[in-house]
Structure formats: structure tokens, C-alpha cells
Amino acid sequence: MPTVKITDESFDADVLKADKPVLVDFWAEWCGPCKQIGPALEQLSDELAGQVTIAKLNIDDSPMTPSKLGVKGIPTMMLFRDGQLTSLKVGAMPKGKIAEWLAEAGVSAAA
């Protein structure tokens, strides 16, 4: 399952009203580290399909949501569950670390 592109307009419906956890990756075209974690997020989106939705929000196209949520640097990844921000990571990290963070937050691949 590919990552989902979201915008300021779709954030409420796609993230806050989602029926499962949503990891939102705040990124931009010009951000090198953002591009580094892109493939890892795509792989995790496949591996964790059904457990979590992995969504990407381009901060240049949709500046209101990151500013409302206090995003200072990118990449910033925020995990939302039942409309609430439950966990946050700033900076690029390898796929294994992202998976560990998600597991700690209660999201892991079905065994």
C-alpha cells in the first residue's frame, strides 16, 4: 500500500478522523533528509498495511497544518491515534529505527 498524500484541506478527514493510527511525514521537495526516509516509509507502508496509514504532507503546498502543530524542522514524523498526537520524531532515521519507534507506540506488523 503506497503512502497517502495529504493536504491542509484533507488533514482532518485523513488523519484526525481516521479509524486506525496515522503516521504523518512532514516533508518538502528541497529537503535531502526527507528524501532519504521516503523509501523506508514506502516499505513500512507496505509492511504495516492494515496497522497504520503512512501519510505525507508537503509543508510548501500545505503550510497551515505544520504551523498549527508547531513543526519547526523537517522531516518531522507525527503519529496520531483517535485524533490525538501520540508520538513525535524529528529528523531522518533508518527504517529499522522508524519501525522500532512505531512498535514502541503500539504499531507493529501482524506476526
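Contact here means that heavy atoms lie within 4.5 Å of each other. With that in mind, a good place to enter this predicted model is Ile-6. Beyond its neighbours within four places in sequence, Ile-6 is in contact with Phe-11, Asp-14, Val-15, Val-24, Ala-55, Lys-56 and Leu-57.

Several of these names return in the largest nonpolar core, which has 18 residues. Ile-6, Phe-11, Val-15, Val-24, Phe-26 and Ile-74 are the members that touch the most others in this core. Helix H1, strand S2 (22-27), strand S3 (53-58) and strand S4 each supply at least two of its residues. Strand S2 gives the largest share, with four residues. Apart from this core there is a second, separate one of 15 residues, and Leu-23, Ile-37, Leu-79 and Trp-101 are among them.

Attention now turns to the aromatic rings. One aromatic pair emerges from a search of the whole structure. The ring centres of Phe-11 and Phe-80 are 5.5 Å apart and the planes meet at 85°, so the pair is edge-to-face, given that planes over 60 degrees apart count as such. Phe-11 belongs to helix H1 (residues 11-16) and Phe-80 to strand S4 (residues 76-81), so that the pair links distant parts of the chain, 69 residues apart. Both Phe-11 and Phe-80 are buried.

Another ring has a charged partner. Trp-27 has the charged end of Lys-56 sitting over its ring, 5.3 Å from the ring centre. Lys-56 is also one of the residues in contact with Ile-6, which brings the description back to its starting point.

Note on methods. Residues are numbered from 1 along each chain as its sequence is written. This is a predicted model: local features need pLDDT of at least 70, side-chain atom pairs count only at pLDDT 80 or more; totals for chains, interfaces and linings use all residues. Side-chain values use heavy atoms; hydrogens and water are left out. Rings of Phe, Tyr and Trp (its six-membered ring) pair if their centres lie within 6.5 Å; planes under 30 degrees apart count as stacked, over 60 as edge-to-face and the rest as tilted. Buried means under 20% relative accessible area, exposed over 50%, partly exposed in between (1.4 Å probe, protein chains only). A charge sits over a ring if NZ of Lys or CZ of Arg is within 6 Å of the ring centre and within 35 degrees of the ring normal. A nonpolar core is a set of buried Ala, Val, Leu, Ile, Met, Phe, Trp, Tyr and Cys residues joined through side-chain atoms within 4.5 Å.
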